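Here is a set of questions and answers for someone meeting this structure for the first time. Please look over the sequence and the structure before reading on.

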Amino acid sequence: MAAIPPGSEMYSVNVTLVALGRVADGVGGWRDYGVDPSQFSGTLMRTCERLVKEGRFVPSHPVGILTTSYCELLQHKAPLLGSSTACIVVLDRSTRRLHTANLGDSGFLVVRGGRVVHRSDEQQHYFNTPFQLSIAPPEAEGVVFSDSPDAADSTTFDVQLGDIILTATDGLFDNMPDYMILQELKKLKNSNYESIQQTASSIAEQAHELAYDPNYMSPFAQFACDNGLNVRGGKPDDITVLLSIVAEYTD
């Protein structure tokens, strides 16, 4: 568990554009092939960051960032093996518009007045198998899912001052339902960095505790039951939580 582990980031591009979240979650099954799952997701997101800092992106089209980054990985002389979900969130402060691209089961929420007013759609091939970008060795081709970056769900949403934007991996959403997340967000005392960081850490820590509770009926367990599986408890997983609050923009 970590607030901002490798493969996730939050940074400003310039005064008007802020890349609020770059969240990627490596698929753990690659350990069976002797591959560190974090290497693919981390490299994918670092490449996205470089492309943004070089100005090689269109703010209203974040899926383009994901596409170019993935293509660069495919073109490496020694391909980096692995799979990853990905979520990119860009805020244009001058227009107060949020542009997003989400592939898989990481995602984001926009909270206003204690309610979720906008959220990402989870993309799954079937239960517990999210959409993912992949580079597979020859022996795994046809076995590992490999989706196109163009399959990412893209949205544009008008935000307001004071809106809370939460970006996270499925380790959060599989263990904490919306009402729990909203209860924690109510504890935000103000919009300064310390308060936001404390709240993000508190949410991640609570999700981590619930993940290892065998008697807890988690959202993941409920989804499993809906798919005919007898499952109870939380889901141990990497947990990333990034929090931002929309503030006044001055030219």
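**Contacts, sheet and ring pairs**

Q: With which residues is Asp174 in contact, leaving aside its neighbours within four places in sequence?
A: The model is a predicted one, and in it Asp174 lies in the loop between helix 3 (170–173) and helix 4 (178–185). Once the neighbours within four places in sequence are left aside, the residues in contact with Asp174 are Ser218, Pro219, Phe220 and Lys235.

Q: With the side chain of which residue does the side chain of Asp174 make a polar contact?
A: Asp174 has a relative accessibility of 11%, and because buried means under 20%, Asp174 counts as buried. Its side chain nevertheless has a polar partner, at a distance of 3.3 Å, and that partner is the side chain of Lys235.

Q: Is Asp238 buried, partly exposed or exposed?
A: Asp238 is found in the loop between helix 6 (219–226) and strand 12. Its relative accessibility is 43%, and since values under 20% count as buried and values over 50% as exposed, Asp238 is partly exposed.

Q: What distance separates the C-alpha atoms of Asp238 and Thr169?
A: Not counting residues up to four places away in sequence, Asp238 touches Asp25, Thr169 and Gly171. Asp238 and Thr169 are 69 residues apart along the chain, and the separation of their C-alpha atoms is 7.5 Å.

Q: How many residues apart are the salt-bridge partners Arg96 and Glu248?
A: A search of the whole structure finds 13 salt bridges, and in one of them the side chains of Arg96 and Glu248 meet at 3.2 Å, N to O. Arg96 sits in the loop between strand 3 (82–92) and strand 4 (97–103), whereas Glu248 belongs to the segment after strand 12 (241–245), and the pair links these distant parts of the chain across 152 residues.

Q: Which residue forms a salt bridge with Asp158?
A: The closest N and O atoms of this pair are 3.0 Å apart. Asp158 is in strand 10 (residues 153–158), and its partner, 61 residues apart from it, is in strand 4. At 45% relative accessibility Asp158 counts as partly exposed, and at 40% so does the partner, Arg97.

Q: Which residue of the pair Asp163 and Arg112 counts as buried?
A: The side chains of Asp163 and Arg112 meet in a salt bridge of 2.8 Å, N to O. Asp163 lies in the loop between strand 10 and strand 11 (164–168) and Arg112 in strand 5 (residues 107–112), so the pair ties together parts that are 51 residues apart in sequence. Arg112 has a relative accessible area of 22% and is partly exposed, whereas the partner with 1% relative accessibility, which counts as buried, is Asp163.

Q: Which strands stand at the edges of the open sheet with the order 6-5-11-12?
A: Four strands form this open sheet, and their pairing is antiparallel. A strand at the edge has a single partner strand, so one side of it is left without a neighbour in the sheet, and this applies to strand 6 (115–119) and strand 12.

Q: Which residue in strand 11 does Leu109 stand opposite?
A: Strand 5 and strand 11 run antiparallel and are joined by five bridges. The residue of strand 11 that stands opposite Leu109 is Leu166.

Q: At about what angle does helix 5 run to strand 12?
A: Helix 4 lies across strand 5, strand 6, strand 11 and strand 12, and runs at about 55 degrees to strand 5. Helix 5 (residues 193–211) lies across strand 11 and strand 12, and its angle to strand 12 is about 145 degrees.

Q: Which residues do ring pairs link into a cluster?
A: The count comes to three aromatic pairs, and one of them is the edge-to-face pair of Phe127 and Phe223, with 5.4 Å centre to centre and 75 degrees between the planes. Phe127 lies in the loop between strand 7 (124–126) and strand 8 (129–130) and Phe223 in helix 6, so this pair ties together parts that are 96 residues apart in sequence. Phe127 counts as buried at 17% relative accessibility, while Phe223 is partly exposed with 33%. The cluster linked by ring pairs consists of Phe127, Phe220 and Phe223.

Conventions:
Residues are numbered from 1 along each chain as its sequence is written. This is a predicted model: local features need pLDDT of at least 70, side-chain atom pairs count only at pLDDT 80 or more; totals for chains, interfaces and linings use all residues. Side-chain values use heavy atoms; hydrogens and water are left out. Helices (H or I, at least four residues) and strands (E, at least two) are DSSP runs, numbered from the N terminus. Buried means under 20% relative accessible area, exposed over 50%, partly exposed in between (1.4 Å probe, protein chains only). A polar contact is a pair of N or O atoms within 3.5 Å; within protein, one must be able to donate a hydrogen and the other to accept it, and residues adjacent in sequence count only if both atoms are side-chain atoms. Contact means heavy atoms within 4.5 Å. A salt bridge is a side-chain nitrogen of Lys or Arg within 4 Å of a carboxyl oxygen of Asp or Glu. Two strands pair if DSSP finds at least two bridges between them. Axes are lines fitted to C-alpha atoms, for helices over the stretch in contact, and angles run from 0 to 180 degrees between N-to-C directions. Rings of Phe, Tyr and Trp (its six-membered ring) pair if their centres lie within 6.5 Å; planes under 30 degrees apart count as stacked, over 60 as edge-to-face and the rest as tilted.
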